[in-house]
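Q: Please take a close look at a single part of this structure and then work outwards from there. Keep the terms plain and give their cut-offs.

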Amino acid sequence: TWHLKKIPQIVRERTFSLDNPKFEAKAKLELNSVCGIECQRKLPVPSLSDLKDLLSYETVFENGTRTLTEVKVLGAVLDPAGNTTTQRSSRKKRQIYGTDSRFSIYDKRFMTNFPFSTAVKISTGCSGILISPKHVLTAAHCLHNGRDYVKGSKRLRVGLMKTKSRGNGRKRKETSDGMPSFQWTRVKSTHIPKGWFKGVSGDLALDYDYAVLELKRPHKRKYMELGISPTIKMMPGSMIHFSGFDNDRFGQLVYRFCSISDESNDLFYQYCDAEPGSTGSGIYLRLKEPNKKKWKRKIIAVYSGHQWVDINGEQQDYNVAVRITPLKYAQICFWIHGNDENCTQG
């Protein structure tokens, strides 16, 4: 069951202008020397002043200008338990583990209906998910490599799968054989938490590898709501689901589900089969609504991609996802609504 939780408040303190970014960075699909399971276990619990710094955020606008917004965090419950994880055996580097268990969605009835229709393509080569009539959630490193914004992120666009085929016969064939066509929409602004820049320039933490894009024009499609990420033991079969546009299956929407292998307070470590291109996909669960018979899907993490992490002094690989904690829920909700009034429970 989805359990309602009281959400901390993110309050805007001040916003000021920064120099325009160069937009010259190369997108990095795989990060090395990431603070992994063992490293995270030793990290101190962030203080309120740390959180204020990590959750302040940059906004980049369509015209290339940039601002920094400083925030206050109210009502945050700091977890004294730290980052708890369980021990797992070692594996070799792979992004497809054993038998490839991904499904390409060819049937247009599925592709253009919820929940698959919430998956979008980002023009820098990643995936994302619709989280409001005007907002898309994706991974921060699809837009910024820690030093500068990546090439192509200045004129960023989001591709929504078309629900109807238009035009000549060739285009109609294109949408009927499992190859979706896209309606591309310009991005008005992009929000990235300061924790991402801090993490990448320091210990390369993935905890803040998420970003929200505001579209120039609203869409009229069903989007997926955010949820607070439960622990593994609170998930049915420990199973997660996500859909994206993997590079090795060009033009296809690829769906997968799998169980989570391990977790820290901020990350899920799993062996879901996924190739570059699916990075930034929204990971979701289907749980019961409180006191209702209805089931509801909600986004509980953002797929960050294939990463090397340090465990017992050795580098080991996982496919990693950033969990939506109450603090991250508060921040993303604040970005969507522009205030914290609609973000008191999640």
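A: A hairpin is made by strand 6 and strand 7, with four residues between the two strands. This is a predicted model, in which local features need pLDDT of at least 70 and side-chain atom pairs count only at pLDDT 80 or more, while totals for chains, interfaces and linings use all residues. Residues are numbered from 1 along each chain as its sequence is written, and side-chain values use heavy atoms, with hydrogens and water left out.

Strand 6 covers residues 127–130 and runs antiparallel to strand 7, with two bridges joining them. Strands here are DSSP runs of E with at least two residues, helices are runs of H or I with at least four, and both are numbered from the N terminus. Two strands count as paired if DSSP finds at least two bridges between them. Across this hairpin, L130 stands opposite V136 of strand 7.

Strand 7 also pairs with strand 10 (residues 211–215), again in the antiparallel sense, over four bridges. There L137 has V212 as its bridge partner.

Strand 7 itself spans residues 135–138 and is covered on both faces: H135 and L137 lie on one side, V136 and T138 on the other, and all four are buried. Buried means a relative accessible area under 20%, exposed means over 50%, and partly exposed lies in between, with a 1.4 Å probe and protein chains only. In the whole protein chain of 346 residues, 55% count as buried.

L137 has a further role in the packing. The largest nonpolar core has 68 residues, and L137 is one of those that touch the most other members, along with L55, I131, V158, Y210 and I332. The biggest contribution to this core comes from helix 6 (residues 326–337), with eight residues. A nonpolar core is a set of buried Ala, Val, Leu, Ile, Met, Phe, Trp, Tyr and Cys residues joined through side-chain atoms within 4.5 Å. Another core, of 17 residues, lies apart from it and includes W2, C272, L285 and I300.

I131 leads on to a pocket. Rolling a probe the size of a water molecule over the atoms shows where empty space is left. On a 1 Å grid over the protein atoms alone, a cavity is a set of points where a 1.4 Å probe fits but cannot get out, while a pocket is an open set with protein on both sides within 12 Å along at least five of seven lines; lining residues have an atom within 4 Å of a point. The second largest pocket has a volume of about 240 Å³, the volume being the space filled by probe spheres set on the points, which are joined across faces, edges and corners. It is lined by 15 residues, of which I131, E225, L226, Y329 and H337 are the closest to its centre. Helix 6 supplies the largest share of this lining, four residues. The lining divides into eight nonpolar, five polar and two charged residues; Asp, Glu, Lys and Arg count as charged, Ala, Val, Leu, Ile, Met, Phe, Trp, Tyr, Cys and Pro as nonpolar, and the others, Gly among them, as polar.

T325 is found in the loop between strand 17 (314–323) and helix 6. T325 counts as buried because its relative accessible area is 16%. Leaving aside neighbours within four places in sequence, T325 is in contact, meaning heavy atoms within 4.5 Å, with I228, N265 and D266.
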